[in-house]
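Student: I would like a close look at one chain of this model. Please take me through its build, its partner and the core.

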Amino acid sequence: MEAIGLLMHGFAVLLTWKTLLLMMTGLVLGIFVGVLPGLGGPNGVAILLPLTFTMDPTSAIVMLSCIYWGALFGGAITSILFNIPGEAWSVATTFDGYPMAQQGRAAEALTAAFTSSFIGSLVAVMLITFLAPMISSFALKFGPPEFFAVYLLTFCSFVGLGREAKHKTVISMSLGLLLAGIGMDTVSGQLRMTFDSPELLRGINFLVAVIGLFGISEILLTMEERLALRGHAAGISLRVVLSVWKDLPKYWVTLVRSSFIGCWLGITPGGAIAASFMGYNLAKRFAKDQDSFGKGRIEGVFAPETAAHASGTSALLPMLALGIPGSGTAAILLGGLMVWGLNPGPLLFVEHKDFVWGLIASMYLGNVVGLVLVLTTVPIFASILRVPFAAVAPMIVVSCAIGAYAIQNAIFDIWLMLGFGVVGYVFKKIGIPLAPFTLALVLGNRAEDAFRLSMIGAGGDLKVFWSNGLVGSITTLAIVLLFWPLIDRAFGSITRMLRPAKA
Amino acid sequence: MSNTDIEIVVEDPTAPEANSPQVVSVRVVDVVVSLLLLALAITLGYDNWRTGAGWESTGPQPGYFPFYLSIILGGASLYGLVAAFASRREASESFVTQAQLRRVLAVFIPTVLFVLATQFLGLYVASFLLISGFMRLVGKIALWKSLLTAFVFTAAMFVTFDVAFDVIMPKGPLEAALGR
């Protein structure tokens, strides 16, 4: 297999002391961010992104993806020990993880969580290793209409399949696309929506917005909560680890099922949260004694953690192969790629082999190193929670400001970040989802370019989006997904009408 | 590694009380946000229409794509406006209580001051002031701890960004006096 050879090459790129050191630093920073209240994967990556600006792209992505793995591991620590889910997808982990900790089986629960996250991501990384090159070489044949159709599909599936109120997803998405359009028009060179302001000439930088939306707004939201907590941090002994691992084969059905759900939902946008709950619920449904769930059953930790990490990892597949992020964090990583001067999309696999395979290899290595690291250092990280939030909050604010400024060396961007912080705070509280906004902001220009290039090519005929089987079926699928709730309801009522007739 | 448990207890003395009266309901905020978004959609839509939202011989004009997006945004906010008025759930839900607002402002106002200070004193001095001031005044942490933490953090940031990674931050009179 060609993929394996390239992967080996990727490992060769990685195995230098410098990269390994960066990896460890990234993991430690990531776990730190994951354990701190109110911060999680996307926030951590957004805040720490500026650290990587001066690195070469491979080191930078290795460090960032390790921050991401670290944050995922860190989230499990707080969910189990303190019943505080670091992120929405850790919620399902608390159902059985926290009861286990209360029964004095914290070490067991933590080992289970770390091991299953490891397995989940491993399965997803293997999927990426073999599927991503295939998809990208297929996508190399795409022209502008096909790309626009794929972007449309991404946006429509967010609207049609998202759990939030539809109009709020539409608001979030169109706002993101509009803000992405501010500044110089890339096709004609004309200025748009700048209102003669020199600051708006540059346009609204994606990363500035993200740092505000995810960093500053999280601080404001966290301050609203009561920050007192109480819990036990247990050291993990080798004996516990081995005994959990020895039982692992017993749960292979749960692990396989959750990995599968996670991979599937991760590739479709916005799936990690759904994946963890679905993994948990299915494990419960198929169990013989369902009542024992929620009272500290180890399967209740395995199922959601595996699914959440499989989906968090496989969300990187569409990002690498097509340039379309499957999650908020993937969108931020994509923004990073652009800062380092790489053009995300199928060409990445051709033009930057070192980079892509270095990243994929770092996913394998990062997970192994991360697993060892968290298993050995849990008590240290758990005690980070003792640091008062009054000390952590201003430090995060400063890091956010540094990040926002460093992107374009503009003070205006710090103000913009603050503005986005307020927007993020208000949006979150009134239920306008931020993920579509992030995605729209990062994809906006490329979606518009694809649309205009296909229009120019076709002489302004919208039929170009149905001009061949491939683009036609993607476009049609997009429209079906957009109206999915309506179609679903229509089908429901039709079957209900038919049923009495049959009976 | 030993098997001893480490107990972790963190108190939050200034936590917002649970029974604090609400300042504003979710419905009111939702209505206001919808109106703001509608106004934004109209402004941007007008600007794009002025730029040119039609078709040229070569394809869509620069304003075409954003113009139609403004219409979508406007439509969705109008719908949101109606939905917010109709929603009983949002009317009964609290957006923020007085105690919560006080805590949020306790971090937001210092942040605004920090950004202002960055413009005049440079980022490093401003961050020292923010961290020490916030820890001392909001967190009620001992003065020496606050000053020490702020100094260590700011120095670490300076070494990381300015010295090691060469990312240049805004600087003020202090750095000028020290010759950096």
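Tutor: Start with a single exposed residue: A:Asn409 has 11 other C-beta atoms within 10 Å. This is a predicted model. A:Asn409 sits in the loop between helix H19 (389–408) and helix H20 (411–430) of chain A. Its phi is positive, about 50°, although A:Asn409 is not a glycine.

Chain B has a residue to set beside it. B:Lys140 lies in the loop between H5 and H6 of chain B. Phi of B:Lys140 is near 55°, a positive value, and the residue is not glycine. B:Lys140 is exposed, with 12 other C-beta atoms within 10 Å.

Now take chain B as a whole. Its secondary structure comes to seven helices and five strands. From the N terminus on, the order is β-β-α-β-β-α-α-β-α-α-α-α. The radius of gyration of chain B is 25 Å, and the globule rule gives 16 Å for 180 residues, so chain B is more spread out than a compact globule. Along its principal axes, the C-alpha trace spans about 65 × 50 × 40 Å. Of the 180 residues of chain B, 32% count as buried.

The domain assignment splits chain B into domain 1 (24–95) and domain 2 (97–178). Their centres, taken over C-alpha atoms, are 37 Å apart. Look at contacts within chain B with a separation of 6 or more: 63% of them join residues 24 or more positions apart.

Next, the partner. Chain B puts 70 residues into the contact, and chain A puts in 64 residues. On the chain B side, the elements that give two or more residues include strand S1 (5–10), helix H1 (26–52), helix H2 (64–86) and helix H4 (98–121). Helix H5 (123–138) and helix H6 (143–164) of chain B are also among them. By class, this side of chain B has 44 nonpolar, 18 polar and eight charged residues.

Finally, the core. The largest nonpolar core has 211 residues. A:Ile67, A:Ile80, A:Leu110, A:Ile211, A:Ala401 and A:Met417 touch the most other members. Helix H4 (residues 57–82) of chain A gives the most to this core, with 17 residues. Chain B takes part too: domain 1 (24–95) and domain 2 (97–178) each supply at least three residues. For one centre of contacts, pick A:Met417. Leaving aside residues up to four places away in sequence, A:Met417 touches A:Val208, A:Ile211, A:Gly212, A:Ile216, A:Cys400 and A:Ala404.

Definitions and conventions: Residues numbered from 1 in each chain as written. Chains lettered and ligands numbered in written order. Predicted model: local features only at pLDDT ≥ 70, side-chain atom pairs only at ≥ 80, totals over all residues. Domains from an automatic or database assignment. Contact = placed C-beta atoms within 7 Å. Helix = DSSP H or I, 4+ residues; strand = E, 2+ residues; numbered from the N terminus. Nonpolar A, V, L, I, M, F, W, Y, C, P; charged D, E, K, R; others polar. Rg over C-alpha atoms; globule rule 2.2 N^0.38 Å. Buried ≥ 20, exposed ≤ 12 C-beta atoms within 10 Å, placed from the backbone. Core = buried A, V, L, I, M, F, W, Y, C linked by C-beta atoms within 7 Å.
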